[in-house]
Amino acid sequence: MPPTESDEVGPGGVGGRPPSEKTDTTPDAPAPKGEGVSTEKGAPTEKGKTAAPLPKGDAPGIRFEKVVKRFGHNVVLRELDFTVAPGERVTLIGPSGSGKTTILRLLMTLEKLDEGLIWIGDETLWHMERGGKRVPANQKHLHEMRKQVGMVFQQFNLFPNMNVLRNLTEGPVRVLGVSKDEAVERARDLLDLVGLGDKIDAHPSQLSGGQQQRVAIARALAMQPRVLLLDEVTSALDPELVVGVQDLLRDIARQSDLTLLCVTHEMTFAKDISDRVLMFDGGQIVEEGPPDRIFGEPSEQRTRDFLQAVLAS
Ligand SMILES: Nc1ncnc2c1ncn2[C@@H]1O[C@H](COP(=O)(O)OP(=O)(O)OP(=O)(O)O)[C@@H](O)[C@H]1O
Ligand SMILES: [Mg+2]
C-alpha cells in the first residue's frame with residue numbers, strides 16, 4: 001500500500017504508528033553549526049553565534065530516470081527524466097495538476113513509484129540490490145533512504161496535539177535515535193534560528209500561520225536532511241508574512257549545503273533561492289535554465305503562457 005496523506009504528519013503525530021511511516025523528514029549525517037541566518041525581523045544573527053545545526057557537506061544529488069506515476073488511468077508523470085546536482089537548488093514551476101507535488105511526494109515515499117528509477121546520490125530510492133539484481137526496496141531500505149529527505153508542506157502539517165518543542169524532538173528521538181537532551185538542545189537552537197525561541201511551549205493552534213511555517217521549517221531541519229523539499233511553502237500565508245518566511249528559507253538555503261527542490265509560483269523567491277528553474281507540464285520538463293532566463297526570456301510558448309497566467313493571478 002502506498003503511504004497516504006495522513007502519513008505525512010497530522011493528527012496523532014508520530015506517536016500512534018511506526019516512526020518510519022510518520023515523520024516527513026530525516027537524515028543521518030552530523031550537522032555542523034549554522035552561521036547567522038536571518039531572524040523573524042530579517043536581521044542576521046551574529047556570525048557563528050547561533051549553534052543551529054544547519055546541514056552541511058555531502059549533500060546527494062537527485063535523478064529521476066524514466067519515472068512514471070499514475071493515479072488510476074491518469075498518467076501524471078510520463079517517463080520523466082531530470083537531475084539535480086549535489087547541493088544544487090532547483091525550482092519547479094508549472095500549471096496546477098501538472099505533478100509538481102507528486103514529484104516531491106515520490107521523493108518522500110509518500111507516493112509509490114510505478115515505473116522508472118529515482119536516485120538519491122548513488123543509490124536508488126525505490127529499489128535495492130540483491131544478489132546483483134535490482135529488486136523493489138523493502139521497508140528498511142526505504143526508511144534509510146528517506147532519512148536523507150525533509151519536506152516543508154504548504155499547510156505546515158505540524159502535530160496539533162504536541163507543543164512546539166515536541167514537534168521538533170519527536171522525530172529525532174523516535175526516528176533518528178537521538179538522545180532526548182540532544183534533541184532538546186537542537187530544537188532550542190533551531191527555534192532561535194527561525195526567530196521563535198519564545199514559543200517553545202506553545203501549541204500550533206496558538207501560533208500564526210507564519211510562525212507555524214517557521215516551526216515546520218525548524219522541524220524539517222531537526223531531522224538533519226541532506227535534501228530539502230519545499231512545496232508552495234508560503235502560499236497559505238497572509239501576504240504580510242510571506243517575505244519573512246521566504247527570507248528565512250533563502251538564508252538557510254545559502255548557508256547550508258542542502259540539495260533543494262522547491263515548488264513555488266513566486267518568481268522573486270524562485271530567483272532568490274534557485275540556481276535553475278524547471279518548467280514542467282504534461283508530466284515532462286518543457287524547458288529549463290537559470291531563473292533570470294526562464295522568467296525573463298523563456299524560449300517555449302508554453303512557459304510564456306504559464307508565466308503570463310501567474311502574473312495575471
Ligand atoms: N492521491 C491522489 N489520487 C488521485 N489522483 C491524484 C492524487 N494525488 C494527485 N493526483 C492527481 O495527480 C495530478 C498531479 O497532482 P499534483 O498534486 O502533483 O499537481 P501539482 O502540480 O502539485 O498541482 P498544484 O499546482 O495545484 O499544487 C492531478 O491530476 C491530481 O488530481
Ligand atoms: Mg502541488
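These legends describe close-up views of a predicted model.

**Figure 1. Overview of the chain.** The chain holds nine helices and twelve strands. Of its 313 residues, 46% are buried. Among contacts with a separation of 6 or more, 67% join residues 24 or more positions apart.

**Figure 2. Residues around ligand 1.** The shell around ligand 1 includes F71, N74 and V76. G94 is also part of this shell. The other residues are S96, G97, S98, G99, K100, T101 and T102. Two elements, β2 (74–84) and α1 (100–107), each give two or more residues to the shell. Helix α1 gives the most, with three residues. By type, the shell around ligand 1 has two nonpolar residues, eight polar residues and one charged residue.

**Figure 3. An open sheet of four strands.** The strand order is β2-β1-β4-β5, and the pairing is antiparallel. Strands β2 and β5 (123–124) are the edges, and each of them pairs on one side only. In general, the strands of a sheet pair through backbone hydrogen bonds, in a parallel or antiparallel arrangement. Strand β2 of this sheet also gives two or more residues to the shell around ligand 1.

**Figure 4. The pairing of β1 with β4.** Strand β1 covers residues 62–71, and strand β4 covers residues 115–120. The two strands run antiparallel and are joined by five bridges. One residue pair to look for is F64 and its bridge partner in β4, I118. F71, within the β1 range of 62–71, is one of the residues around ligand 1.

**Figure 5. Length and bend of helix α3.** Helix α3 runs over residues 164–176, 13 residues in total. From first C-alpha to last, α3 reaches 18 Å, close to the 18 Å expected at 1.5 Å a residue. The helix bends by about 25° at E170. A proline, P172, follows E170 within four residues. After α3 comes G177, with a positive phi near 75°.

**Figure 6. The buried residues of α3 and their packing.** The buried residues of α3 include V164, R166, N167 and L168. T169, E170, G171, P172 and V175 are buried too. E170, the site of the bend, and the proline P172 are thus both among the buried residues of α3. The buried residues of α3 pack against two other helices, α4 (180–193) and α5 (209–222).

Notes:
Residues are numbered from 1 along each chain as its sequence is written. Chains are lettered from A and ligands numbered from 1 in the order in which they are written. This is a predicted model: local features need pLDDT of at least 70, side-chain atom pairs count only at pLDDT 80 or more; totals for chains, interfaces and linings use all residues. A residue is near a molecule or strand if its C-beta atom, placed from the backbone, lies within 6 Å of it. Ala, Val, Leu, Ile, Met, Phe, Trp, Tyr, Cys and Pro count as nonpolar, Asp, Glu, Lys and Arg as charged, and the others, Gly among them, as polar. A residue is buried if 20 or more other C-beta atoms lie within 10 Å of its own, exposed if 12 or fewer, and partly exposed in between; C-beta atoms are placed from the backbone. Two residues are in contact if their C-beta atoms, placed from the backbone, lie within 7 Å. The expected span of a helix is 1.5 Å times one less than its number of residues. The bend at a residue is the angle between axes fitted to the seven residues ending there and the seven starting there. Two strands pair if DSSP finds at least two bridges between them.
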